[in-house]
Amino acid sequence: MSVEQPEAVVVGAGPTGVTAAILLAQAGVPTLVLDRWPEVFPQPRAVHFDDEVHRILAGLGVAEQVAALTIPGAGLRLLSSGHATLAQFDRTDPRTANGYPQANMFDQPDLEAVLRARMHELPLVTFRGGVEATAVRPGGADRPEVEYVDLGTREVHRVRPRFVLGCDGAISTVRAAIGSTMRDLGFAEQRWLVVDVATPRELGHWGGVHQVCDSTRAATYMRIGATRHRWEFALLDHETPADYRDLDALAPLLAPWDTDLTDFEVVRLAEYTFRAGLADRWQRDGVFVLGDAAHLTPPFIGQGMGAGIRDAANLAWKIAAVVDGRLPAEILDSYEAERAPHARAMIRLAGLVGRAMTAGGPAGDRLRGVAVPLLVHLPGVRGRVLDSTTPALSRSALVDRGRLGLGLPGRLCPNPVLPSGDRLDAVGGHRFVLVSREAPAGRAAERLHALGGLAIDATEAPELDRWLGRHQAALVRPDRTVLAVGSVAGVLGHPLLGRAPDTAGRRARSRSRVRQPH
């Protein structure tokens, strides 16, 4: 039995876990990643992420690779049960204030391969595949403990990090270990058939998401790559995937899109049960849950994988700040305070959209046939349907929403191109950024320096100057969320931001670095 001592252990190496590991390593935190699969799981699952998530992925150092494997989504087409177009919403703005397309279609194994390659480049990450985490013990007054077994040799290992991140999916060992339960949020479970097809032929379909609004056989189609296509069909009560085990059986479902299936290759055929759930507890004594271990989102707005990546971006910088001694451990309570309400809001939105498209039986289908064509003519509806902006984070120790809870705090800072030619994220890296119309001085400058932060002159970037509005300054966290707005001295006078760096802690951490095995 061997014992190791990284600062963080990530259980699960899907997109959420690998994103968390990369962010931790980039911030200087030695991290061990554990997963059952030595290589990327080959089957496609998620197919969409938005501009906010694209921004996070770009910050991992893989902006060009991610852009190369994604297709910007053209919008949304709503179809009747007979596949007549009821309404079409076209995206016209190629990029948002975040600097990336609003909708990005992709093939998940391709994305995971890019993320794994980036993870393996980082010397502060050790990856162990072919292992299973068999026990997680929260720390209490001591460090947490993770016990895992090598599935090949059956050798048992124990590791006692400062933090454990459970990114181990819907059936989560880590969630159970912290005494958390997945609470149902009231969305009636739906069984869907997911069909992934590869074909070298250009099918010639419109490049957005096709949504068949039908209470009996709802369906979705989208192109997700140069040769890859995804169909999803609601299953009837008596149906199973075995009923559609080959292309001949699938032909009636695919016929509205294509009747020539001779060059179609079915890459994946699986049943998914769409659920809505939220863990009632996200952390305990240094152990956290992220991604599907913390929340389950119906797929109607394409936010399932993105929610987990947002979890990683929210938590990783906070752990790094605690390990580094720049911020007190109490800030970690803000993870659940911020992410749980946000996840709940997105889950409820997904459920609402799903019901609007599929519920109500024949009467609902008739109502949609009349109401949906009118939507495109209502002022503001087109923008709302395609808007990828997610809700502001709730008030926490690191989101100063003020008495009314309005304004910029809790929202993302824009990511414009600065006079240097770089985007704000590239210049700011993984640091605090002060966006202001005046340079910090005196105690304010000392606090920004203690945070390892960077000041950016908003007057040199019109987009930032407009965004600040009446405020003199905004303090932007490493995850690009606005912490506070106001005067320069005011935003840097936050009571949690006055602690000087713990240089002794950093030296101790550097001695405990986990090396990448060869």
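Start by selecting Val433 and Leu454: Leu454, in strand 25, is the bridge partner of Val433. Keep in mind as you go that this is a predicted model.

Now widen the selection to the two strands around that pair. Strand 24 covers residues 433–436, and it runs parallel to strand 25 with four bridges between them. Colour in the rest of the sheet and you'll have four strands in the order 25-24-26-27, an open sheet with mixed pairing. Look at its two ends: strand 25 (454–457) and strand 27 (482–486) are the edge strands, and each of them pairs on one side only. Turn the view along the sheet to see the twist, which averages 20 degrees from one strand to the next.

**Next stop: the six-stranded sheet**

Select the strands in the order 9-3-2-13-22-21; they form another open sheet, again with mixed pairing. Which strands stand at the edges here? They are strand 9 (125–129) and strand 21 (283–284); each has a single partner strand, so one side of each is left without a neighbour in the sheet.

Zoom in on strand 2 (residues 8–11) and strand 3 (residues 31–35), which run parallel and are joined by four bridges. For a landmark, pick Val11 and find its bridge partner in strand 3, Leu34. Then bring in helix 1, which packs on this sheet and touches strand 2, strand 3, strand 9 and strand 13 (163–166). The direction of helix 1 makes about 165 degrees with that of strand 2.

**Two helices crossing**

Stay with helix 1 (residues 15–26) and add helix 2 (residues 51–69): their axes come within 10 Å and cross at roughly 55 degrees. That angle makes helix 1 oblique to helix 2. Is the crossing of helix 1 and helix 2 left-handed or right-handed? This one is left-handed. To see what touches what, show side chains for Thr19, Ile22, Leu23 and Gln26 on helix 1, then Ile56, Leu57, Gly59, Leu60 and Gly61 on helix 2.

**Into the core**

Leave Leu57 selected. Setting aside residues up to four places away in sequence, Leu57 touches Thr19, Phe49, Val62, Val66, Leu111, Leu115 and Ile309. Leu57 is also one of the residues with the most contacts inside the largest nonpolar core, along with Leu111, Leu165 and Trp282. That core has 116 residues. Which helix gives the most to this core? Select residues 304–323: that's helix 6, which supplies twelve residues. Apart from this core lies another one, of 18 residues, and Leu79, Leu250, Leu253 and Trp257 are among them.

**Last stop: strand 16**

Select residues 209–212, which make up strand 16. In general, side chains in a regular strand alternate between the two faces of the sheet. Here, Val209 and Gln211 sit on one side, with His210 and Val212 on the other. Are these four residues buried or exposed? All of them are buried, so to speak of strand 16 is to speak of a strand covered on both faces.

Now look at the neighbours. Strand 6 (residues 75–79) pairs with strand 16 in the parallel sense over four bridges, and Leu76 has Val209 as its bridge partner. Strand 17 (residues 219–223) pairs with strand 16 in the antiparallel sense over three bridges. Pick Gln211 there, and you'll find Thr220 of strand 17 as its bridge partner. Finish by tracing the hairpin of six residues that joins strand 16 to strand 17.

How values were computed: Residues are numbered from 1 along each chain as its sequence is written. This is a predicted model: local features need pLDDT of at least 70, side-chain atom pairs count only at pLDDT 80 or more; totals for chains, interfaces and linings use all residues. Side-chain values use heavy atoms; hydrogens and water are left out. Buried means under 20% relative accessible area, exposed over 50%, partly exposed in between (1.4 Å probe, protein chains only). Two strands pair if DSSP finds at least two bridges between them. A nonpolar core is a set of buried Ala, Val, Leu, Ile, Met, Phe, Trp, Tyr and Cys residues joined through side-chain atoms within 4.5 Å. Contact means heavy atoms within 4.5 Å. Axes are lines fitted to C-alpha atoms, for helices over the stretch in contact, and angles run from 0 to 180 degrees between N-to-C directions. Angles under 35 degrees count as roughly parallel, over 145 as roughly antiparallel, 65 to 115 as roughly perpendicular and the rest as oblique. A crossing is left-handed if the near helix is turned anticlockwise from the far one by less than a right angle, and right-handed if clockwise.
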